[in-house]
Amino acid sequence: CGKSFVDKCYLKIHKKIHTGEKPYRCETCGKLFTHNSRLVDHKPFCCEICGKSFASNRSVTYHNRIHTGEKPYQCIICGKSFATSSTLRIHKRIHTGERPYPCDICGKSFIYRSTLVTHMKSHMKVKAYHCETCGKSFTKNSVFTLHKRKHTREKFHNCETCGKSFTKHYLALHKRKHSREKLHNCETCGKSFVSNSHLLVHKRVHTGEKPFHCEICGKNYSSSSNLTKHKLQHSGKKEFHCEI
């Protein structure tokens, strides 16, 4: 590669990048390193199941519960169990009504810090684009334009197979349903999907990730659509009626 070094030993270490040689091995997780200093910097506490490393043994203990499913901290009010005491403490706020994160601008309080951070963005952004039909406002013209199509049903491109109309981007995704073209593959189970967004949602089946949180009861969901359906239980709204 032409790089130069002041000392022969540095050149020797550098050459391992090209040769792929990694002679220094972590005895706990098996990870390999090009030189000893990298091994020393490597976090010393590793998960024996997946090899992930942590700065403390306590962190490994918490992490291991992802694999074992152990949830030793139980809520005495509703019986729900949690992997860590901190998660249980946050959950209890649902029952006590405690909302320790107030908004300095409007005074509204929240159970979770992350919810407050999201809320603060509504004050920081100027919503210059106003919909005269429904009254909603938007910070970006592009989002506002897409929103207006909900009212006008304006869709520019027709599918030649079924006749449905879509914007240019979604038409390309829609056509894959007819051609059965699935370009995005799951490395874990081999399933294929027409879009990367569908693949990302699917991967949560394997990882157990549930990033969408219900602020009312504390339940978590893998997709926003599942959370929306769940919230109907709290609102009492029933959208689907039997016509018979």
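Okay, let's start with a contact: the side chains of E209 and R204 meet in a salt bridge, at 4.0 Å from N to O. Before I go on, a quick reminder that what you're looking at is a predicted model.

So, are the two partners in that bridge buried or exposed? E209 comes out as partly exposed, at 43% relative accessibility. R204 is at 18%, and that counts as buried because the cut-off for buried is under 20%.

How many salt bridges turn up if you search the whole structure? The answer is two. You've just met one of them, and here's the other: E70 and R65 bring their side chains together at 3.8 Å, again N to O. E70 is partly exposed, with a relative accessible area of 40%, while R65 is buried at 12%.

Staying with charges for a moment, have a look at the surface. Which residues form a positive patch there? They are K71, K80, K210 and K219. Let me pick out K219. You'll find K219 in the loop that runs between β15, residues 212–213, and β16, residues 220–221. K219 is partly exposed, with a relative accessible area of 42%.

Now, that loop between β15 and β16 holds another residue I'd like to show you, E215. E215 is partly exposed too, with a relative accessible area of 36%. What does E215 sit across from? Take H91: it is 124 residues away from E215 in sequence, yet the C-alpha atoms of the pair are 9.9 Å apart in space. Then there's Y112, which is 103 residues from E215 along the sequence and 8.3 Å from it in space, C-alpha to C-alpha.

Where is Y112 itself? Y112 is in the loop between β8, residues 109–110, and α6, residues 113–124. Y112 is buried, with a relative accessible area of 13%. So the pair joins a buried residue, Y112, with a partly exposed one, E215.

On to the helices. If you go back towards the start of the chain, there's α1, covering residues 8–19. That's 12 residues, reaching 17 Å from the first C-alpha to the last, and that is close to the 16 Å expected at 1.5 Å a residue. What happens just after α1? G20 takes a positive phi there, of about 80 degrees.

Next, helix α7, which spans residues 141–152 and includes N141. N141 counts as partly exposed, at 40% relative accessibility. Pair N141 with Y129: the two are 12 residues apart along the chain, and their C-alpha atoms are separated by 6.5 Å.

The last helix I'll mention is α8, residues 168–179, and the residue to find in it is H174. Is H174 buried or exposed? It's buried, with a relative accessible area of 9%. From H174 you can look across to K164, which is 10 residues away in sequence and 9.2 Å away in space, C-alpha to C-alpha.

If you want a route through the model on your own, try this. Begin at the bridge between E209 and R204, then go to the one between E70 and R65. After that, find the patch with K71, K80, K210 and K219. From K219, stay in the loop between β15 and β16, stop at E215, and step across to Y112. That's my tour, thanks for listening!

Definitions and conventions:
Residues are numbered from 1 along each chain as its sequence is written. This is a predicted model: local features need pLDDT of at least 70, side-chain atom pairs count only at pLDDT 80 or more; totals for chains, interfaces and linings use all residues. Side-chain values use heavy atoms; hydrogens and water are left out. Patches are made of residues with over 30% relative accessible area and no salt bridge: like charges are joined within 9 Å, nonpolar side chains (Val, Leu, Ile, Met, Phe, Trp, Tyr) within 5 Å. Accessible areas come from the Shrake-Rupley method with a 1.4 Å probe; for residues, only the protein chains shown count as cover. Lys and Arg count as positive and Asp and Glu as negative; His and the chain ends are not counted. The place of a charge is taken as NZ of Lys, CZ of Arg, CG of Asp or CD of Glu. Helices (H or I, at least four residues) and strands (E, at least two) are DSSP runs, numbered from the N terminus. Buried means under 20% relative accessible area, exposed over 50%, partly exposed in between (1.4 Å probe, protein chains only). The expected span of a helix is 1.5 Å times one less than its number of residues.
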